[in-house]
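Please open the structure in a viewer and follow the stops below in order. Each stop names a selection and then describes what is found there.

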Amino acid sequence: GLDEALIVTLDGYGSGLSGSVSVGRGGRITRVHSVEYPHSLGTFYESVTLALGFQPSRHEGKVVGLAAYGDPCVLQDVLLARFDQRPGDFRIRESDNLYFARMLASDFPKIDVAAAYQHVLEVVATAYVSHYLTQTGMRNVVLSGGVVANVKLNQRIRNLDGVERIFIHPNMGDGGCGTGAALLEFVGCRRLSEPIADVFLGPAYDDEQIA
């Protein structure tokens, strides 16, 4: 339902990329920037999920909850030092080093480790999005990718200066790729004339059938 928007993807890995920024306008999407793997905020967060004893790609929400009880200041500088941040881009040093997060989780309180990873995720991601909001002058933001299953991060992006509306597809992870492919085909065939009201696209059953 948006005429134009800044489209940001942040995820673990897909087709050589782990993030991107595009401009959506007039029914077309134009890529502005790409974050190449392995500089992935998704694997960054997965590493702490594993280090804290949870299952990566499933239990990141537990890390978000745990982070609320910790002090990010204990380790935020240590984690930020692993990022090379530039205007509109970032790189992660030793991005595939799983042992670093394990070392932190064994030497520091787990709540503080979770808090630091959550805080640094928010710092890096919001700086990335904010740069392109300024560059493009966009006021609407569309988010996709597994990283934006992180509701706290989404709140930070929503509260950025200049953001008026935000949209996150309900299936923002890998499953959204199939939905996106189907919608793209519908748009190509000009069958999609109005916004989709919900994502209940499967079969329906009335009360009698359920009983």
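A cavity, as the word is used here, is a set of grid points where a 1.4 Å probe fits but cannot get out. The model on display is a predicted one.

**First stop: the enclosed space**

How many cavities of 30 Å³ or more does a search of the whole structure find? The search finds 1. The largest cavity has a volume of about 100 Å³. To see its walls, select Ser40, Thr43, Phe44, Ser47, Arg82, Ile92, Arg93, Glu94, Ser95, Asn97, Phe100 and Tyr117, which line it. By class, this lining has 4 nonpolar, 5 polar and 3 charged residues. Now colour helix α1, residues 41-51; with 3 residues, this helix gives the most to the lining of the largest cavity.

**Second stop: a pocket**

Keep α1 in view and add β1 together with α2 (60-67): each of these elements supplies at least two residues to the lining of the second largest pocket. The volume of this pocket is about 460 Å³. Its lining comprises 19 residues, and those nearest the centre are Glu46, Ser57, Glu60, Gly146 and Val147. Sorted by class, the lining of the second largest pocket holds 7 nonpolar, 7 polar and 5 charged residues.

**Third stop: the open sheet**

Strands of a sheet pair through backbone hydrogen bonds, either parallel or antiparallel. Display the strands as ribbons and trace the order β3-β2-β1-β6-β7, which makes up an open sheet of 5 strands with mixed pairing. Which strands form the edges? They are β3 (28-36) and β7 (165-168), each of which pairs on one side only. From one strand to the next, the twist averages 20 degrees.

Within the sheet, select β1 (residues 4-14) and β2 (residues 17-25); they run antiparallel and are joined by 8 bridges. One pair to label is Val8 with its bridge partner in β2, Val21. The loop between β1 and β2 contains Ser15, whose phi is near 55 degrees, a positive value in a residue other than glycine. Most residues other than glycine have a negative phi, and most peptide bonds are trans.

Next, move to the loop between β3 and α1, where Pro38 is found. The peptide bond from Tyr37 to Pro38 is cis, with omega near 20 degrees.

**Fourth stop: a hairpin**

Select β4 (residues 83-86) and β5 (residues 89-92), an antiparallel pair joined by 4 bridges. Arg86 has Asp89 in β5 as its bridge partner. The hairpin has 2 residues between its strands, and Gly88 takes a positive phi near 80 degrees.

**Last stop: two helices**

Return to the sheet and add helix α6 (residues 151-158), which lies across β6 (140-144) and β7 and runs at about 155 degrees to β7. Then show helix α5 (residues 110-136): the axes of α5 and α6 come within 10 Å and cross at roughly 35 degrees. This crossing of α5 and α6 is right-handed.

To view the contact, select Gln118, Leu121, Glu122, Ala125, Thr126 and Val129 in α5, which meet Lys152, Leu153, Arg156 and Ile157 in α6. The residues of this contact divide into 5 nonpolar, 2 polar and 3 charged.

Key
Residues numbered from 1 in each chain as written. Predicted model: local features only at pLDDT ≥ 70, side-chain atom pairs only at ≥ 80, totals over all residues. Heavy atoms only, no water. Pairing = 2+ DSSP bridges. Axes fitted to C-alpha atoms, helices over the stretch in contact; angles between N-to-C directions. Contact = heavy atoms within 4.5 Å. Left-handed = near helix turned anticlockwise from the far one by under 90°. Nonpolar A, V, L, I, M, F, W, Y, C, P; charged D, E, K, R; others polar. 1 Å grid on protein atoms, 1.4 Å probe; cavity = no way out; pocket = protein on both sides within 12 Å on 5 of 7 lines; lining within 4 Å. Points joined across faces, edges and corners; volume = space filled by probe spheres on them.
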